[in-house]
Amino acid sequence: MSGYPLDPSPEQMREMGEAAIAYAVDFLSRRQDAPATGFEGAVEAADARHAAPPEDGDGFAPLLDLVDEIARYASDNAGPGFLAYIPGGGLFASSLADLLSTTIDRYVSLWGEAPVAAQIENNVVRWLCDLFSFGPDSRGVLTSGGSMANFSAIVTARADRLPEDFLSGALYVSEHVHASVTKAAMLAGFPVRNVRSVPADAAMRMDVAAFERMVAEDRAVGLAPFAVVASAGTTNTGAIDPISAIADVAGREGLWLHVDGAYGGFFQLTERGRARFAGIERADSITLDPHKGMFLPYGTGALVVREGQKLRDAHHVGTSAYLQDLAADAHIPNFAEYSAELSRDFRGLRVWFPLMLHGVSAFREALDEKLDLAEHLSEELREDPNLEVPWPPDLTVVAFRLRGGDDAANRRLLEAINASQRVFLSSTVLHGRFTIRACILSHRTHRDRIDECIDIVRKAAAELAG
Ligand SMILES: *Cc1c(COP(=O)(O)O)cnc(C)c1O
């Protein structure tokens, strides 16, 4: 026993809560000056933390020390210099929503248990559906992330377009599709060879003529094409597949059109994004990741489906006897009937808090700013004689290389950039070549940090070009 019973006294709760909030506020106010990564000694620190829990509790203060150590020995995903992979963010309003929603601990998955909770989650889902002009029959779910949203989308497409014996079903993706789509197909029971990789054009977008040809060839050898996945922003380069043209083929061929907007989907809030995603409203389903494009902390993705009943048909098995007391799916959905999950956290509040506190315009403006920053970064790097920027950014990923540099030289360039500790970038392989990429998507990244990034990259490139 420690001095803290499972149900602590009000004084103890206040003491712990105030210490936690004080830590959180201090942590966030230090982000501007914090190093972009803390990998040195991180594995040793992790090894030193290998432990079994104690028989008797140890108080609260050591737990805050633990959190600080976790934060320190890591890439600073909450910081303005995080430009690797797809940045997260971490809105403080969402942190507070999580604290409060886990405290009241209401059950959101079956609406009759907490109708207001389910209505709030429903508000979020409706807002997402409206964003893509999905009508009143559309439905959606909040997931743990884009991977689970893609999984539910593939399962729904399979249930809607294929017989129970579905192993000849084939789905089409661009060669730059996110790996979670292939994984989703695998988990949904398809042989991975049935995930047909369509070549991309020079701008890294799906080659629609090749897609249509492959569908015909596959039918000729007995496969059953049933779905196509278009990316509304690939993770590699932010490229947007030609959604309208893909929708045309999908319509002619009877394929389910899923759009993976896990990275880019929320740019639909901006004028430029809406124009670039033309045709997205014709999708059968769309994956979104509020923990990317809405700057939320990790743990919130979303799937919206135009004909919502199809999502339910694919995920509902009839009411279990032990749930017979519960209200039926109605104007407020039983989200469990649209999802692989039954019990889960109340994700809707985590999205609703920031929307209500800041308003939608705050998100639109922040995403517009990211588009501006990516254009600025791309233009500045392109002007540097030591660098090449092979593609102008479709969204906010800027891919670049050392001009005339081989893979080893580009790897050294990336290491030199990251050694600055002011920005953290990652790499990919494009056309067989090591390519550095900067992805701008944190609400904390502004012009000052991008200008600093430009200086760092140029100096490092100049030194390597020597
Ligand atoms: C991040 C990402 C995913 C996977 O989403 P998670 O939230 O990491 O599970 C899927 N597709 C694209 C395009 C992504 O950028």
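Start by selecting Ile 286 and Val 304: Val 304, in strand β7, is the bridge partner of Ile 286. Keep in mind along the way that you are looking at a predicted model.

**Stop 1: strand β7 and its neighbours**

Now widen the selection to strand β6, residues 285-288. β6 and β7 run antiparallel, and 4 bridges join them.

Next, add strand β1, residues 139-143. This strand is also antiparallel to β7, with 5 bridges between the two. For a pair to click on, try Leu 142 and its bridge partner in β7, Ala 302.

With the neighbours shown, turn to β7 itself, residues 301-305. How many of its residues are buried? The count is 5 of 5, so the strand is mostly covered, where buried means under 20% relative accessible area.

Colour the two faces of β7 separately. In a regular strand, side chains alternate between the two faces of the sheet. Here Gly 301, Leu 303 and Val 305 sit on one side, while Ala 302 and Val 304 sit on the other. Both faces are covered, as these residues are all buried.

**Stop 2: helix α6**

Select residues 146-161, which make up helix α6. How far apart are its end C-alpha atoms? They are 22 Å apart, and this agrees with expectation because 16 residues at 1.5 Å a residue should span 22 Å.

Then pick out the buried residues of α6. Among them are Gly 146 and Ala 149, along with Asn 150, Phe 151, Ser 152, Ala 153, Ile 154, Val 155, Thr 156 and Ala 157.

**Stop 3: the largest pocket**

Move on to the largest pocket, which holds about 1,100 Å³ of space. It is lined by 36 residues, and those closest to its centre are Ala 20, Tyr 23, Ala 24, Val 67 and Ser 95. Show these five, then display the elements that give two or more residues to the lining: α1 (10-29), α3 (61-72) and α4 (92-104).

Which element gives the largest share of this lining? It is α1, with 9 residues. If you colour the lining of the largest pocket by class, you will find 24 nonpolar, 8 polar and 4 charged residues.

**Stop 4: the second largest pocket**

Finish at the second largest pocket, with a volume of about 340 Å³. To find its centre, select His 316, Gly 318, Thr 319, Leu 323 and Glu 337, the closest of the 22 residues that line it. By class, the lining of this second largest pocket has 10 nonpolar, 8 polar and 4 charged residues.

Note on methods:
Residues are numbered from 1 along each chain as its sequence is written. This is a predicted model: local features need pLDDT of at least 70, side-chain atom pairs count only at pLDDT 80 or more; totals for chains, interfaces and linings use all residues. Side-chain values use heavy atoms; hydrogens and water are left out. On a 1 Å grid over the protein atoms alone, a cavity is a set of points where a 1.4 Å probe fits but cannot get out, and a pocket is an open set with protein on both sides within 12 Å along at least five of seven lines; lining residues have an atom within 4 Å of a point. Grid points are joined across faces, edges and corners, and a volume is the space filled by probe spheres set on the points. Ala, Val, Leu, Ile, Met, Phe, Trp, Tyr, Cys and Pro count as nonpolar, Asp, Glu, Lys and Arg as charged, and the others, Gly among them, as polar. The expected span of a helix is 1.5 Å times one less than its number of residues. Buried means under 20% relative accessible area, exposed over 50%, partly exposed in between (1.4 Å probe, protein chains only). Two strands pair if DSSP finds at least two bridges between them.
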